[in-house]
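Please open the model in your viewer and keep the selection tool at hand, since each stop on this tour begins with something to select and then says what is there.

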Amino acid sequence: MNSNEIKKMSVETNNTPRPFPADNAIEFGNWFRKERKSRNFTQSDIAEMANVTRQTIGEIENGGNVGFFLVLRALKSMGLGLTIDASGHQSMISMLFEGK
């Protein structure tokens, strides 16, 4: 899946999706940064919880080319998960609160 195929993302809280556009890695990174800051975590906090480097978190937030499983670990450290539905003509990526 390339960035042009990502049509919509949504955050789900209490089973209520909140869609937001994320057509590229930079938009995803901006969303990730906003979520991290809203939880009062530093990049170092997330890196430690996800067992990745602080530089990896910076790369995610700057839209860098970061491995998929590193992104999943970083999301999980904030209590988030990822659902990808690539069926049909439109792809959808949803960020889900998993509740720690």
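Select R33 to begin: in this predicted model, R33 is partly exposed, because its relative accessible area is 22%. Now add E61 to the selection, and you will find that the two residues form a salt bridge in which the closest N and O atoms are 3.3 Å apart. Since E61 lies in helix α3 and R33 in helix α1, the pair ties together parts that are 28 residues apart in sequence. Is E61 buried or exposed? With a relative accessibility of 2%, E61 counts as buried.

Keep E61 selected and add R36, whose side chain meets that of E61 in a salt bridge at 2.5 Å, N to O. This pair, too, links distant parts of the chain, with E61 in helix α3 and R36 in helix α1, 25 residues apart. Both E61 and R36 are buried. With R33, R36 and E61 displayed together, you have one network, joined by salt bridges that share partners.

How many salt bridges does the structure hold? There are 3, and the one still to be visited is found by selecting R39 and E35, whose side chains meet at 2.5 Å, N to O. Here R39 is partly exposed, with a relative accessible area of 21%, whereas E35 is buried, its relative accessible area being 10%. As general background to these stops, side chains of opposite charge can pair when their charged atoms come close.

Next, select the whole of helix α3, which covers residues 54–61, and colour its buried residues, namely T56, I57, G58, I60 and E61. Against which helices do these residues pack? The buried residues of α3 pack against α1 (residues 25–38), α2 and α4. Just beyond this helix, select G63, which follows α3 and has a positive phi, near 75°.

Now bring helix α2, residues 43–50, into view beside α3. In general, two packed helices are described by the angle between their axes and the distance between the axes. For α2 and α3, the angle is about 115° and the axes are 8 Å apart, which means that α2 is roughly perpendicular to α3. The crossing by which α2 passes α3 is right-handed. To see the contact itself, select Q43, S44, I46 and A47 on the α2 side, together with R54, I57, G58 and E61 on the α3 side. Sorted by character, the residues of this contact of α2 with α3 divide into 3 nonpolar, 3 polar and 2 charged.

Leave α2 displayed and turn to helix α4, residues 68–77. The axes of α2 and α4 come within 8 Å and cross at roughly 110°, so α2 is roughly perpendicular to α4. Select I46, M49 and A50 of α2 with R73, A74 and S77 of α4, and you will have the residues that make this contact. The residues of the contact of α2 with α4 divide into 4 nonpolar, 1 polar and 1 charged. I46 is worth keeping labelled, as I46 of α2 takes part in the contact with α3 and also in the contact with α4.

Staying with α4, select V71, which is found in this helix and counts as buried because its relative accessibility is 14%. Which residues does V71 touch, not counting those up to four places away in sequence? Its contacts on that basis are F28, I60 and V66, and I60 has already appeared among the buried residues of α3. If you then draw a C-alpha to C-alpha distance from V71 to L82, the viewer should show 9.4 Å, for two residues that are 11 residues apart in sequence.

For the last stops, move to the loops on either side of α2. As a general guide, most residues other than glycine have a negative phi, and most peptide bonds are trans. Select N40 in the loop between α1 and α2, where phi is positive, near 60°, in a residue other than glycine. N40 counts as exposed because its relative accessible area is 67%. Then select N51 in the loop between α2 and α3, where phi is again a positive value near 60° in a residue other than glycine. N51 is likewise exposed, with a relative accessible area of 63%.

Methods
Residues numbered from 1 in each chain as written. Predicted model: local features only at pLDDT ≥ 70, side-chain atom pairs only at ≥ 80, totals over all residues. Heavy atoms only, no water. Helix = DSSP H or I, 4+ residues; strand = E, 2+ residues; numbered from the N terminus. Buried < 20%, exposed > 50% of the residue type's maximum accessible area, 1.4 Å probe, protein only. Contact = heavy atoms within 4.5 Å. Axes fitted to C-alpha atoms, helices over the stretch in contact; angles between N-to-C directions. Parallel < 35°, antiparallel > 145°, perpendicular 65-115°, else oblique. Nonpolar A, V, L, I, M, F, W, Y, C, P; charged D, E, K, R; others polar. Salt bridge = Lys/Arg side-chain N within 4 Å of Asp/Glu carboxyl O. Left-handed = near helix turned anticlockwise from the far one by under 90°.
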